[in-house]
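Let's take a relaxed walk through this structure, a few spots at a time. Keep the 3D view open as you read.

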Amino acid sequence: MSLDSITTSVDEAVSGFFEPIATWLGEVVFYSVPVGGTELPLIVAWLVVAGLVFTGWFGLVQVRKFKLAVDVVRGKYDEKGSAGEVNHFQALTAAVSGTVGLGNIAGVAVAVSIGGPGATFWMILCGLLGMATKFVEVTLGVKYREVHADGTVSGGPMHYLPKGLAERFGKNGKTFGKVLAVLASFFVLFFGLFGGNLFQVNQSYAQLVSVTGGEDGLMGSSAGALFFGILIAALVGIVLLGGIRSIANVTSKLVPAMAGIYIAACLVVILVHVSAVPAAVATIIEGAFNPQGVAGGVLGALIIGFKRAAFSNEAGLGSAPIAHSAVKTKHPASEGLVALLEPFIDTVVICTMTALTIVIANPASYVELRQGGESIGGVTITSDAFATVLPWFPYILTLAVMLFAISTVLTWGYYCMKAWTHLFGRSRTSELTFKVFYTLFAVAGSLLTLQTLIDMADAVLFMLAVINIIGLYLLAPVVKRELNSFLEFVRARNAGEITEDGEDQEPVKTTV
């Protein structure tokens, strides 16, 4: 029996067994209600409302403290002797690598194709709101993290939900928090294995096959798939064995590189069509409030833009705090401010660049789809937009997809390991077992699709958002105190009352 027939049989068997479960779960998690002629998924509304609430609660923190967030990333307020494993910049790039990916390339193309150019405007707005949510969850992640005897750190919803709720509500809060922590760990682990690992490897392999001659080309055979899977698994395994320090060292180089390559390509297309920029911007704004050919009109464009942004930046899902918790800091809110830059980079910058490139280039595939043509893959539209100026861009896109995929697999490997150890213990044997298991999944990614499990993983990840945001609402007063404490520290540091090494400093007052 050939490798192809074996993998096909496995795919079909898994899909046949899990498809009814995945269908039911998807219908529950992504349940939609008719609004103004279109469908509104309640989970998207849940995420957007959280962004609105936290934006108001913290007084537009994403705008007022944006410059301070950049200063923190630059290391201006670092303190010697702070617990943690990585610096602010490394923590940010590690977390960004888990969100920046195919959603920024393919998902945005789908948004502007179905929701029209105006979806871009609403996507940006959702990204801005998500910055406030990300600030809240990451501050809590650092506040309630666990620093182990060997200096390593564990954080995320599986830690701040039980600890924070116990602190605020006593015994009942502790019991409720423990239940939520177990669920959070399971959700993170399940999504990481299938959505954060298998899917990323599978899609990067598919893109590589497409530029090397297709199914009959160099990489189109089963042997090519196996070689690719082993190569990616080896790279992931080596880095994963080094822990968050190793992952952060890699992602701190990969993320700027992949973002730089992609944004540079966007700018080339935009500059070539620079005369079309004012008209494109006007089209986006006009389309946001007076869209043509979009189901549900303005509301339809809004929902599509919000949906793509919420799925892309993961604000409120509780995943990013796991990476950010490893930061070296004595002030949890400092990393919360750093984290609010994440949706800005992911959605406001990279997603917007993709959308603007497509609208300006206006490739034939985009025009056809907007006119009611047959639906095609989102990544194809993006690639076609670049090809109007850069005919060889599919090769650059392949490199970008590879970098996106590897960094995402690495980051989700770290997320999954923290979920695994929360469920099964932190022993060396437990951690090694997980790393081997996760690495083997990367090999399977080039051989299997297991699309049904990936669909389940998406639903499971957004189930995490439900329990996570409940916790964020209940713990928001804690975040307010932490922000005031850090702002007082910043004031004192700027005034020279506190030195970088913390010597001879006066106690920092906490403003409630």
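In which loop does Leu-60 lie? Look between α2 (42–57) and α3 (61–64), and there you'll find Leu-60. One thing to keep in mind for the whole tour: this is a predicted model.

## Two loop residues with positive phi

Let's stay with Leu-60 for a moment. Its phi is near 55°, a positive value in a residue other than glycine. Leu-60 is partly exposed, with a relative accessible area of 44%.

Now jump to Asn-362, in the loop between α15 (341–361) and α16 (364–370). Asn-362 isn't a glycine, yet it has a positive phi of about 50°. With a relative accessible area of 40%, Asn-362 counts as partly exposed.

## Checking helix lengths

Helix α7 covers residues 119–143, which is 25 residues. From its first C-alpha to its last, α7 reaches 36 Å, close to the 36 Å expected at 1.5 Å a residue. Of those 25 residues, 20 are buried, so α7 is largely enclosed by the rest of the structure.

You can try the check again on helix α11 (residues 277–289). Its 13 residues should span 18 Å at 1.5 Å a residue, and the end C-alpha atoms are 19 Å apart, which agrees. Which residues of α11 are buried? They include Ala-280, Ile-284, Gly-287 and Ala-288. These residues cover an arc of only 105° around the axis, which puts them on the same side of α11.

## Where α8 meets α19

How do people describe a pair of packed helices? They use the angle between the two axes and the distance between the axes. Here, the axes of helix α8 (residues 157–210) and helix α19 (residues 428–447) come within 7 Å and cross at roughly 35°. The crossing of α8 past α19 is right-handed.

Plenty of names turn up at this meeting place. On the α8 side, they include Leu-189, Phe-194, Val-201 and Tyr-205, while the α19 side includes Phe-434, Tyr-438, Phe-441 and Ser-446. Sorted by class, the contact of α8 with α19 has eleven nonpolar, six polar and no charged residues.

## A pair far apart in sequence

Last stop: Ala-234, which lies in helix α9 (residues 222–241). Ala-234 is partly exposed, with a relative accessible area of 39%. How many residues separate Ala-234 and Val-443 in sequence? They are 209 residues apart along the chain, but 9.0 Å apart in space, C-alpha to C-alpha. Try finding both in the 3D view.

Technical notes
Residues are numbered from 1 along each chain as its sequence is written. This is a predicted model: local features need pLDDT of at least 70, side-chain atom pairs count only at pLDDT 80 or more; totals for chains, interfaces and linings use all residues. Side-chain values use heavy atoms; hydrogens and water are left out. Helices (H or I, at least four residues) and strands (E, at least two) are DSSP runs, numbered from the N terminus. The expected span of a helix is 1.5 Å times one less than its number of residues. Buried means under 20% relative accessible area, exposed over 50%, partly exposed in between (1.4 Å probe, protein chains only). The arc is that of the directions from the helix axis to the C-beta atoms. Axes are lines fitted to C-alpha atoms, for helices over the stretch in contact, and angles run from 0 to 180 degrees between N-to-C directions. A crossing is left-handed if the near helix is turned anticlockwise from the far one by less than a right angle, and right-handed if clockwise. Contact means heavy atoms within 4.5 Å. Ala, Val, Leu, Ile, Met, Phe, Trp, Tyr, Cys and Pro count as nonpolar, Asp, Glu, Lys and Arg as charged, and the others, Gly among them, as polar.
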